[in-house]
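Me: I should like to understand how the descriptive terms used for a protein model are justified. May I put some questions about the one shown here?

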Amino acid sequence: MKVLVAVKRVLDYNVKARVKADKSGIELANVKMSMNPFDEIAVEEALRIKEAGNAEEVIAVSIGPSQSQETIRTALAMGADRGILIETEEELQPLVIAKLLKHVVEKESPGLVIVGKQAIDDDSNQTGQMLSAMTGWAQATFASKVEFEGDALKVTREVDSGLESIKVAMPAVITTDLRLNEPRYAKLPNIMKAKKKPLETIPVADTGVTTTTGLSVVEVNEPEQRQAGVIVSDVSELVDKLKNEAKVI
Amino acid sequence: MSYTAPVRDIEFMLNKVVGLDEVAALPGFEEATPDLVAAILEESGKFTAEVLAPLNRVGDEQGSSWSEDGVTTPEGWKDAYQQFCENGWGALSFEPEYGGQGLPMCVSAAVQEMWHSSNMSFGLCPLLTQGAVDALHHHASDEMKERYVAKMVEGTWTGTMNLTEPQAGTDLASIRTRAEPDGDHYRISGQKIYITYGEHDLSENIIHLVLARLPDAPEGVKGISLFVVPKFLVNDDGSLGERNDVKCVSIEHKLGIHASPTCVMSYGDNDGAIGYLVGQENHGLMYMFTMMNQARHAVGVEGYAIAAGAYQKALAYAKDRKQGKTLLGTSEDDQGIINHPDVRRLLMTMRSGVDAMRGLALECAASFDKAAKHPDADKRDYYQRRGELLTPMVKGWSTEFGVELCSMGVQVHGGMGFVEETGAAQYYRDARITTIYEGTTAIQANDLIGRKTARDGGQGMKELTTEIRATVGELEKSNRAELQVMAKRLGDAVEALEDTTDWLLKQDNAALPAAGSVEYVMMSGRTVGGWMMARTALAATASSEDPKYSDAQITLARFFAEHELPKVGSGKQIVTEGGESTISIDVAML
């Protein structure tokens, strides 16, 4: 069985995001970029599945500009076997990403696709679900534990009320939550080997997928600055303010 | 204690200033392409920040502890060491035939900076192992290498260097540890002190390299031999055998590097520790010296690495801490003490100083890389001379300046810097050893004026100053005002250095140059540091990738030229005129 993992190149989680002067998006020029942390968890899970003998090959896929090769190399250095880059300079919406992943799924026919539950740049949380709908495969989102049970998977999901266990048939799409695993550090010899692992680049135009959607970004703004608090003299003043100023009680 | 590896600055220095491409073009270093090195630095930065840095404070507070059964390292160190080895970080620069990656020394130095910035006490263990492996690699028989080196490269076994004895510190001629021939091996007995990681619980075995005397050995340095003394004897199949007759009898209580056990080692309390001769009898000191350049370079890296850690801490504090209305703050909310001009000066000195020292150390490492692999024999000689000339500057200047910068880190914190809680003081305490071990600054100074300058009649120094003058010429051609300033300052500095070198070469009374020798190391280091910064500025001027970053590099280089390079001129006065008073005082009156 092959496992496909999707890895996205995003603004590094340590970098403070700044909105571009023209409010068209986030400033990405000359800032540190790295793999979306949820995708690192996806890579780790795929590697563990392979190491446990439940898969033969782990393929890392990224969709983005040529620099996304670095993100794929990171996955290869962690232990993925080969990489596929669908190259595009455009910023694509989750629906298009899902369609492009479907294109790769049809080409590679993996038994399992693992993606991060969301990317930390746009927090969309849509790609995995959309891919599942398009392929007609089972989906197990927000996974915090994945166990093999014969031809099926038992997946523990993190839901608002606690943990939910579901059984899904394969092929399936899994989206990873934070507690699924702790991603490994790449070993030095593997970083060196990663350079020699195959990495195929497919121009987005060759996939035949239309990259336009009915959605466009109008404006991006910084969150409003938090206002300074006030010290109230007693409880009755507090209650009064909550009732009449904040209007929350 | 948070640490973020300055990957971008290191990459800029390696790629754009020192010239990694030239090193990667050498036969044997083809793998070291910029993209691979970038991936290595990135991952090393992650590992050191997330695994080693959090243990730095724990290590300082708990320290290593001694008992009859051995030495216990602080909480979490064993796990971290295991991860360090599993991830292959110790094996970076070693030869592939013993499981290393065969990467150039300049890449290895860049990675090692991160070990020491994040946790110097930890970094010392692999540093010592590396020294021991180097010594074995160059001088041991194939059979001996087979037996020990691969495990040491892996990190499963660590290495130590046993030179010092209570009466034999800088003067190794007075070593007394004895080695008696006993069949195919020797029996070693004696006491060694200041043995870094001489005993610990991080690895399965410890391979001690020990200097000792044979019964019939000639007096002095020509009668010292080098031995391998494993903590556990190694069977023919590579498995561990009996415990050898060597033990750690105590560990020192020190100003800094508390987690790094500094051991008193006792050899041969019973029948004599079993030791195996490395190379030939009575050649021990020479073997040690072949790896001395490497070990001294590594300690020089510690010097600026720890200042880099101190800088990050001071910078964060200065942005956050507010005291009084600042002269440089642009708004009510922008009143961190970083906006007081003097605090800014301290931080700029730290930052530009670290950059300059990194430049020097990487330039020196790249010289050794070229000396090792360049196809042209003349070039190999040229770069060997260059590497050897720069080494005492890397060790001498970068450790002294490193301590000074760590002291500035404390100063930025004000009273809180003196309080241990902030962690600023730990950098200062830990840094203090770097000017002492692997040869004190005075020893580096002796090496620079004697072995590296006088011995070749100043040829190596002449080659260096000629290259620096070429850079001055390039700066003069620039139309940027900052670069003109640098041209003037660097030109003045290199002239002062040349004058001083000429003066040194002419002296008959050895005491006069010796009295000014440390200052000569400082002025050489500053000049080469200024040269590296000037080259950084030139590279930044040529780069259009990120104008803000380039401008900052140029400003840092200008700051260094204006604040550090003028000291080279006063250095000339100190060296050429200050010796007489030093040596003429009636000692009875002191």
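Reply: A starting point is α1(A), which is mostly covered, with 11 of its 15 residues buried. The model is a predicted one, in which local features need pLDDT of at least 70 and side-chain atom pairs count only at pLDDT 80 or more, while totals for chains, interfaces and linings use all residues. Residues are numbered from 1 along each chain as its sequence is written, and chains are lettered from A and ligands numbered from 1 in the order in which they are written.

Me: What makes a residue of α1(A) count as buried, and which residues are these?

Reply: A residue is buried if 20 or more other C-beta atoms, placed from the backbone, lie within 10 Å of its own; it is exposed if 12 or fewer do, and partly exposed in between. In α1(A) the buried residues include A:Phe38, A:Ile41, A:Val43 and A:Leu47, and also A:Asp39 and A:Glu40.

Me: How do you know that the length of helix α1 of chain A agrees with its number of residues?

Reply: Helices (H or I, at least four residues) and strands (E, at least two) are DSSP runs, numbered from the N terminus. The expected span of a helix is 1.5 Å times one less than its number of residues. For the 15 residues of helix α1 (residues 37-51) of chain A this gives 21 Å, and the end C-alpha atoms are 21 Å apart, so the two agree. After α1(A) comes A:Gly53, whose phi is positive, near 90°.

Me: Why is chain B called as compact as a globular protein of its length?

Reply: Chain B has 20 helices and 12 strands. Its radius of gyration, taken over C-alpha atoms, is set against the globule rule, 2.2 Å times the number of residues to the power 0.38. The rule gives 25 Å for 590 residues and chain B has 24 Å, which is close, so the description holds. Of these 590 residues, 55% count as buried.

Me: What makes residues of chain B and chain A count as being in contact, and how many are there?

Reply: Two residues are in contact if their C-beta atoms, placed from the backbone, lie within 7 Å. By this criterion, 16 residues of chain B are in contact with 11 residues of chain A. Helix α3 (residues 34-52) of chain B supplies the largest share of the chain B side, 6 residues.

Me: Which residues does A:Val5 touch?

Reply: Not counting residues up to four places away in sequence, A:Val5 touches, among others, A:Asp39, A:Ala42, A:Val43 and A:Ala46.
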